[in-house]
Every structure is written in C-alpha cells, then in structure tokens.
Amino acid sequence: MDTEAGLDSLPYVPGTRRPVPEAEPGLVERWSAGGGELVELLSQVRERVGGVAAFRLGPARTVLVTHPQAVQHVLARHPERYVKRSHRARVLIGDGVLAATGAEWKQQRRLLQSQFTGTGMRRYEQRITEAARTTAGRWAGYARTGEVIDVGREMRRFALDAIWRSLTGHPLDDGTERELGAVAAVTAALPTLPADVSDAQDAVAADLARIDTVALHAIEAARSGTAGPDGPGLLHVLIDAATERPEYTDRLIRDELVTFLVAGHETTATTLTWLYLLLDRHPAARGQALAAGAEGTADRRQALQALIHETLRLYPSAWILPRHATEGDTLAGYAVEAGTDILVCPYLTHRDPELWPEPEHFDPRRFLAADGRPTQPGAYFPFGIGPRACLGLQFALREATVLLEHLLPAHSLAFSSTPTKAVYGITVRPDGPTPATLAPPVTT
C-alpha cells in the first residue's frame with residue numbers, strides 16, 4: 001500500500017485499500033437525459049461522493065480527482081503513473097509540446113523551458129509592454145469617440161499581439177490578425193468535432209489551411225535571417241534547434257508555433273475578459289486595487305495580481321486535466337486499476353467550500369492576506385502542477401499584469417450586455433459577446 005506522507009490524513013481515507021466510491025448510475029442517466037455540461041455532472045459527483053470519486057459514462061469507469069492531496073499525488077508526485085495520452089487540440093497543434101508525450105515531450109520541454117523563466121522571460125518583457133501600450137492607445141481613442149467595443153475581442157487582440165511579437169519579433173499587423181482568427185475558430189469548434197482525426201481535420205480544413213499559410217510565412221521569414229524590429233523571437237530558437245536536432249522539421253516547428261499561438265493568447269485573453277466581467281459585478285475591487293499603491297509600486301502590482309489570481313481561481317486556464325493510469329495504484333487509500341481514466345478538475349477544487357470560504361464570491365483579498373487562501377499544494381493550480389504544468393505560466397501572468405497596469409487606472413467599462421453562461425471547452429469562456437463603452441481617460 002502507498003504510505004505517502006499526508007494521504008492518510010484525507011478525511012475520506014478509510015485506512016484500507018478498497019474500490020473508489022462510485023456515484024449512483026441514476027445520477028449519470030439524469031445528467032445524460034438533460035444534456036447538460038460535463039461540469040454539472042462532475043460537480044454533483046464531487047458533492048455526493050467526495051474528492052476521489054468514480055462514475056461511469058457507458059461502460060467506461062472514470063475517476064474524478066478534486067481533493068488537493070490526491071491532486072498532488074496524480075499530477076506532481078506520480079506523473080509517470082498518470083499520463084497524458086493525447087490532447088483535445090491535437091487536430092490544431094499537432095505534435096506541439098502540449099500534445100507530445102514520452103521522450104518527444106521531454107526533449108521539446110527541455111528546449112523551451114529556459115525561454116519562460118528568469119533570463120528567458122526578460123527577453124519578452126519589452127514586447128509585452130509594447131503590446132500593452134498599443135492596446136492602451138487604441139482604448140484612448142475608443143474613449144474619445146464612445147465607440148462600442150467587444151471586450152473579449154480586444155483581449156484576444158492584445159494577447160495575440162504580445163505572443164506574436166515574442167515569437168517573431170514583429171508587431172501584429174491587421175492582415176495577420178485577420179488570418180489568425182482561424183485559430184480561435186478551430187479552438188471554439190474542437191468540442192463538437194468528430195472523434196476521428198481525419199474527419200475532424202476535414203471539418204476545419206479551410207481554417208487549418210489559413211493557419212498553415214501564416215505559420216509557413218513566419219518560418220520562412222525567420223529562417224531568412226531577417227529579424228523583426230523587436231529582434232529575434234522564440235521562432236528563431238526553434239529554427240536554430242533544427243540545425244542540430246533533425247526532429248525539428250518544418251512540421252514540428254509549425255506545430256510548436258501554433259501551440260504557442262493557442263496557449264499564449266487564448267487563455268490570457270479569456271482570463272482578462274472574465275476579469276473585466278467580474279469587475280463589472282464587483283466595481284469596488286477595481287478601486288481597492290488602484291488604492292493599494294501608486295503607479296509602478298510593488299503594492300499596486302501585488303493588488304493587480306490578486307485580481308488576476310482570483311479570476312483564475314474561478315475560471316482556471318485549464319479547467320480539467322485528463323490523465324490515464326498506466327499501472328495499478330493506491331490513491332488516497334483507494335485502489336485505482338491500470339487503464340482507468342482520471343479527470344483532475346481545478347475548476348471544482350477552486351470552488352470547494354472546505355478550502356475556499358464563500359467559493360462563488362469574487363474576493364481578490366484572498367491572495368493578499370497571509371491566511372486568505374489554503375496553503376496545501378493542489379488547492380490552487382489554474383495552470384496545472386507537476387512536470388506538465390503550463391510552460392507559459394509566468395508569461396501569462398506578466399501579460400495580464402502589464403495590461404492592467406496600462407488600462408485599469410485610465411478606463412472603466414460600461415457593458416451594454418453580459419453573457420449569462422460559461423462554455424466549458426478547451427478553456428472556460430463567456431458564452432457570448434461582451435459589448436462595452438469606455439469612460440474617458442482619468443487625468444491626474
């Protein structure tokens with residue numbers, strides 16, 4: 001029996017190795033008949049059974065994991081036992097690092113890791129700042145004219161500009177932005193695509209062709225040695241790697257480029273959109289963040305980051321993390337058979353009332369007070385944890401913080417309508433447009 005420190009303290013561990021408790025079949029049948037979102041079923045399974053709970057969709061038995069210690073066990077302590085078999089976005093990102101597995105994943109991850117920590121991140125600081133300044137200038141114009149904007153589209157435009165500059169050294173131009181709209185189109189279509197890979201590719205063939213054209217042009221431009229105004233970018237790192245590593249074919253470079261376009265802008269844009277929707281419902285939070293310190297101070301930045309973290313608590317970038325048990329294991333005192341599918345769900349862990357008081361309430365102060373949030377590993381993991389945690393975590397947090405530093409003091413938004421539901425796809429996104437107008441810039 002696995003006797004890892006900490007697991008014996010789980011409130012639902014009976015002290016013996018026994019089957020994972022399973023939700024009653026009627027619960028799944030009622031959910032299936034209602035045609036609801038998967039998150040609704042998972043929420044009921046957790047509430048009725050616990051933080052390690054089984055359920056069946058057809059003949060398959062799936063184990064839902066939401067308790068922090070069990071989350072830590074699966075994702076961080078034993079990733080070799082609980083592996084990522086595939087990625088829902090493979091039709092779009094191919095063999096990029098998000099979808100890669102085994103030795104290939106290790107090689108790709110090793111090459112890219114240094115680009116997103118410490119010195120590597122400093123290479124992209126100015127590019128993120130320039131993208132934020134471009135957005136701030138555009139918003140100042142909207143405020144003067146009273147033009148109605150779609151906040152979600154504006155957030156995607158900013159995040160795409162930031163990642164495009166970081167990849168290529170060039171600012172995002174209108175034509176490239178227009179063509180890369182196909183990335184968002186394919187991402188939104190993924191949950192409804194056929195299970196067969198060929199059929200799925202056929203269903204979005206036109207959009208994939210547009211993406212491939214942009215990617216090929218960017219690769220050829222980088223290979224020509226002509227750096228953009230911001231200097232060489234991450235794409236040049238991949239091209240340089242190809243000179244020594246034959247596995248870095250043009251196809252793999254394309255897959256990595258598209259992976260970073262998807263992961264580097266969709267999640268950040270969605271987080272920022274949710275943040276502004278939450279501030280619309282809780283306007284005092286904006287004032288509290290700005291009052292925390294003067295512009296450019298550590299206190300102001302910490303308060304802005306608290307806004308971001310509380311948004312990510314409610315709407316984590318990776319709301320569900322599928323894994324597959326390659327061998328038998330004991331998880332929190334329960335027997336997990338080899339071949340079992342595992343669903344780790346940050347969305348539900350972050351909304352567990354035993355971990356987060358008033359979990360549905362937006363309260364950024366949780367991330368400012370010393371005792372405001374649970375400290376155990378696995379209680380807060382919007383980007384995953386363990387070896388497969390998101391490479392771009394620091395990049396995404398920096399993007400969001402820098403944009404808020406530019407926009408939040410200058411503008412408040414007035415939404416003419418707001419989405420009433422969330423869509424649970426690759427990310428958790430608002431279900432509908434987010435039209436708003438901006439108040440004129442605040443002068444000091």
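**Exercise 1. Determine how β3 is joined to strand β9, and place both in their sheet.**

Step 1. Four bridges join β3 to strand β9 (residues 341–344), and the two run parallel; in this pairing Val63 has Ile342 of β9 as its bridge partner. The model is a predicted one, in which local features need pLDDT of at least 70, side-chain atom pairs count only at pLDDT 80 or more, and totals for chains, interfaces and linings use all residues. Residues are numbered from 1 along each chain as its sequence is written, and side-chain values use heavy atoms, with hydrogens and water left out. Strands (E, at least two residues) and helices (H or I, at least four residues) are DSSP runs numbered from the N terminus, and two strands pair if DSSP finds at least two bridges between them.

Step 2. On the antiparallel side, six bridges join strand β2 (residues 52–57) to strand β3 (residues 60–65). Within this pairing, Val65 of β3 is the bridge partner of Val52, and Val63 of β3 is that of Ala54. The two strands form a hairpin with two residues between them, and Gly58 in the turn has a positive phi of about 70 degrees.

Step 3. Strand β6 (residues 321–325) pairs with β9 in the antiparallel sense over four bridges, with Leu321 standing opposite Val344 in β9.

Step 4. Put together, five strands form an open sheet of mixed pairing, in the order β2-β3-β9-β6-β4. The edges are taken by β2 and β4 (82–83), each of which has a single partner strand, so one side of each is left without a neighbour in the sheet.

Step 5. Helix α3 (residues 68–77) lies across β2, β3, β4, β6 and β9 and runs at about 120 degrees to β9, where axes are lines fitted to C-alpha atoms, for helices over the stretch in contact, and angles run from 0 to 180 degrees between N-to-C directions.

**Exercise 2. Describe the span, cap and packing of helix α8.**

Step 1. Helix α8 (residues 174–189) has 16 residues and reaches 23 Å from its first C-alpha to its last, which is close to the 22 Å expected at 1.5 Å a residue; the expected span is 1.5 Å times one less than the number of residues.

Step 2. At the N-terminal end of α8, Asp173 acts as the cap, with a side-chain oxygen 3.1 Å from the backbone nitrogen of Gly175.

Step 3. The buried residues of α8 include Leu180, Val183 and Val186, where buried means under 20% relative accessible area, exposed over 50%, and partly exposed in between (1.4 Å probe, protein chains only). The buried residues of this helix pack against α4 (90–93), α7 (151–168), α10 (205–223) and α12, contact being defined as heavy atoms within 4.5 Å.

**Exercise 3. Is Thr268 buried or exposed, and which residues does Thr268 touch?**

Step 1. Thr268 is found in helix α12 (residues 250–281) and is buried, with a relative accessible area of 4%.

Step 2. Not counting residues up to four places away in sequence, Thr268 touches Ala159, Ala396 and Glu399.

Step 3. The side chains of Thr268 and Glu399 are joined by a polar contact of 3.0 Å. A polar contact is a pair of N or O atoms within 3.5 Å; within protein, one must be able to donate a hydrogen and the other to accept it, and residues adjacent in sequence count only if both atoms are side-chain atoms.

**Exercise 4. Classify the ring pair of Phe116 and Phe260, and state where the two residues lie.**

Step 1. The structure holds 12 aromatic pairs. The rings of Phe116 and Phe260 have their centres 5.4 Å apart and their planes at 20 degrees, so this pair is stacked. Rings of Phe, Tyr and Trp (its six-membered ring) pair if their centres lie within 6.5 Å, and planes under 30 degrees apart count as stacked, over 60 as edge-to-face and the rest as tilted.

Step 2. Phe116 lies in the loop between α5 (102–113) and α6 (119–145) and Phe260 in helix α12, so the pair ties together parts that are 144 residues apart in sequence.

Step 3. Both Phe116 and Phe260 are buried, and ring pairs link them with Tyr124 and Phe395 into a cluster.
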